[in-house]
Amino acid sequence: MKFPRSSVLVTGGAGFIGSHLCEQLIDSGVRLAIVDSLTDFYSPAVKRANLDGIATHGTFRFFCVDICDRVKLEHVFEETQPQIVVHLAAYAGVQPSIADPCLYEHANIAGTVTLLELCRAYKVPKLVFGSSSSVYGATSKAPFREDQVEMRPISPYAASKLSGELMAYTYAHLFGISVNCLRFFTVFGPRQRPDLAIHKFTKLIESGSPVPVFGDGSAGRDYTYVNDIVSGIVAAMKYEPEVKHGARFEVFNLGNSHPVTLKRLLDDLERTIGRPALRDQRCDQPGDVPLTWADISKARDLLGYEPKTPFETGLANFVNWYRAQNGTKSSSLGNAA
């Protein structure tokens with residue numbers, strides 16, 4: 001399948017990762033359709049602004065549709081006839097999933113099955129599924145490898161993402177859909193969701209408000225810049241997995257493979273922003289894993305994936321973007337993306 005001029009459907013395309021991906025896809029010459037329900041998980045105005053940004057790159061079709069609404073989603077498939085589906089739509093976040101597990105089961109599991117059913121019905125040859133590093137849970141040996149068999153997710157969000165992977169494998173096996181599942185590791189950069197740590201901490205430090213610090217600061221996250229994630233998604237769209245056990249199915253880690261502790265994150269943010277953080281020490285939160293760390297050797301070998309953005313550069317880029325959005329002073333570190 002030739003990638004340029006293909007018909008591509010991206011669910012969740014108005015979101016953080018999705019909007020960056022959609023811009024690159026338009027620049028690559030694909031015929032793009034975006035499905036996004038513009039939920040109020042965070043401000044729909046942010047997603048509408050993302051859509052406006054995508055429109056500066058070229059034309060696309062937008063459908064404000066919930067992936068759980070089979071009837072409306074079927075109309076989308078009928079009108080667009082996608083050759084590749086990139087499924088990024090989901091309710092995200094560990095703590096919100098603990099507060100409302102049923103919402104996550106409905107959107108992330110039932111919604112994914114609805115999408116898979118339509119991929120089967122309309123004979124879509126390829127699906128790329130956005131999964132999460134959280135599926136590894138708290139018992140995995142670091143760095144995390146895709147061939148780990150025993151998975152113990154410790155939040156409803158993580159369990160919903162692992163369930164999505166398993167359903168995708170089932171459809172690959174039964175119906176011949178070629179599937180690549182991508183486990184994203186703590187993605188950050190411009191347009192990052194406001195509930196995520198770097199965005200939330202930057203807002204609090206800039207305003208001089210206390211920053212909640214859960215645990216002793218040793219928890220590590222494999223922060224991965226959004227441009228590097230997008231390059232991995234595009235490579236997965238082009239990659240055709242080999243048939244194994246009757247299915248064309250692969251799982252890839254997309255990370256930076258250099259975990260950053262919470263203490264270092266705050267130290268680096270203080271330097272980048274130019275003011276100290278008022279640290280409010282708290283106990284560990286339930287559902288949070290102590291470490292995420294991607295072994296990216298498989299993605300490197302099969303996809304040619306190679307993260308290029310150092311953490312410090314990505315952090316400076318984010319702070320510059322945040323200040324531009326909020327009308328505050330520019331960072332002296334510049335934009336080195």
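User: How are the axes defined that give the angle between helix α3 and β3, and what is that angle?

Analyst: Axes are lines fitted to C-alpha atoms, for helices over the stretch in contact, and angles run from 0 to 180 degrees between N-to-C directions. In this predicted model, helix α3 (residues 70–80) lies across β1 (7–11), β2 (31–35), β3 and β4 (84–87). Its angle to β3 is about 165°.

User: Which strands does helix α5 touch, and what angle does its direction make with that of β4?

Analyst: Helix α5 covers residues 101–121 and packs on the sheet. The strands in contact with helix α5 are β1, β4 and β5 (126–132). With the direction of β4, the angle is about 175°.

User: Which are the edge strands of the open sheet of eight strands?

Analyst: The strand order is β3-β2-β1-β4-β5-β6-β12-β11, and the pairing is mixed. An edge strand here pairs on one side only. The two that do so are β3 (61–63) and β11 (243–244).

User: In β12, which residue is the bridge partner of leucine 182?

Analyst: Strand β6 spans residues 178–184 and strand β12 spans residues 247–254. The two pair in the parallel sense, over six bridges. Within β12, leucine 182 has as its bridge partner phenylalanine 252.

User: Which helix gives the largest share of the largest nonpolar core?

Analyst: This core has 44 residues, and Val10, Leu21, Val86, Phe184 and Ile233 have the most contacts inside it. Eight of the core residues come from one helix, the largest share. That helix is α8 (residues 226–238).

User: How many residues are in the other core, which lies apart from the largest one?

Analyst: Among the members of this other core are Ala33, Phe77, Leu127 and Ile177. Its residue count is 28.

User: Is threonine 309 buried or exposed?

Analyst: Threonine 309 is found in the loop between α10 (297–303) and α11 (311–326). Leaving aside neighbours within four places in sequence, threonine 309 is in contact with Tyr225, Asp228, Asn256 and Gly314. Its relative accessible area is 13%, and the cut-off for burial is under 20%, so threonine 309 is buried.

User: Why is there no bond between the sulfurs of cysteine 64 and cysteine 68?

Analyst: A disulfide needs two cysteine sulfur atoms within 2.5 Å. Cysteine 68 holds the cysteine sulfur closest to that of cysteine 64, but this is too far for a bond because the distance is 14 Å.

User: How many disulfides are there by this rule?

Analyst: Cysteine 102 is in no disulfide, as the nearest cysteine sulfur, that of cysteine 68, is 13 Å away. By the 2.5 Å rule, the count of disulfides is zero.

Note on methods. Residues are numbered from 1 along each chain as its sequence is written. This is a predicted model: local features need pLDDT of at least 70, side-chain atom pairs count only at pLDDT 80 or more; totals for chains, interfaces and linings use all residues. Side-chain values use heavy atoms; hydrogens and water are left out. A nonpolar core is a set of buried Ala, Val, Leu, Ile, Met, Phe, Trp, Tyr and Cys residues joined through side-chain atoms within 4.5 Å. Buried means under 20% relative accessible area, exposed over 50%, partly exposed in between (1.4 Å probe, protein chains only). Helices (H or I, at least four residues) and strands (E, at least two) are DSSP runs, numbered from the N terminus. Contact means heavy atoms within 4.5 Å. Two strands pair if DSSP finds at least two bridges between them.
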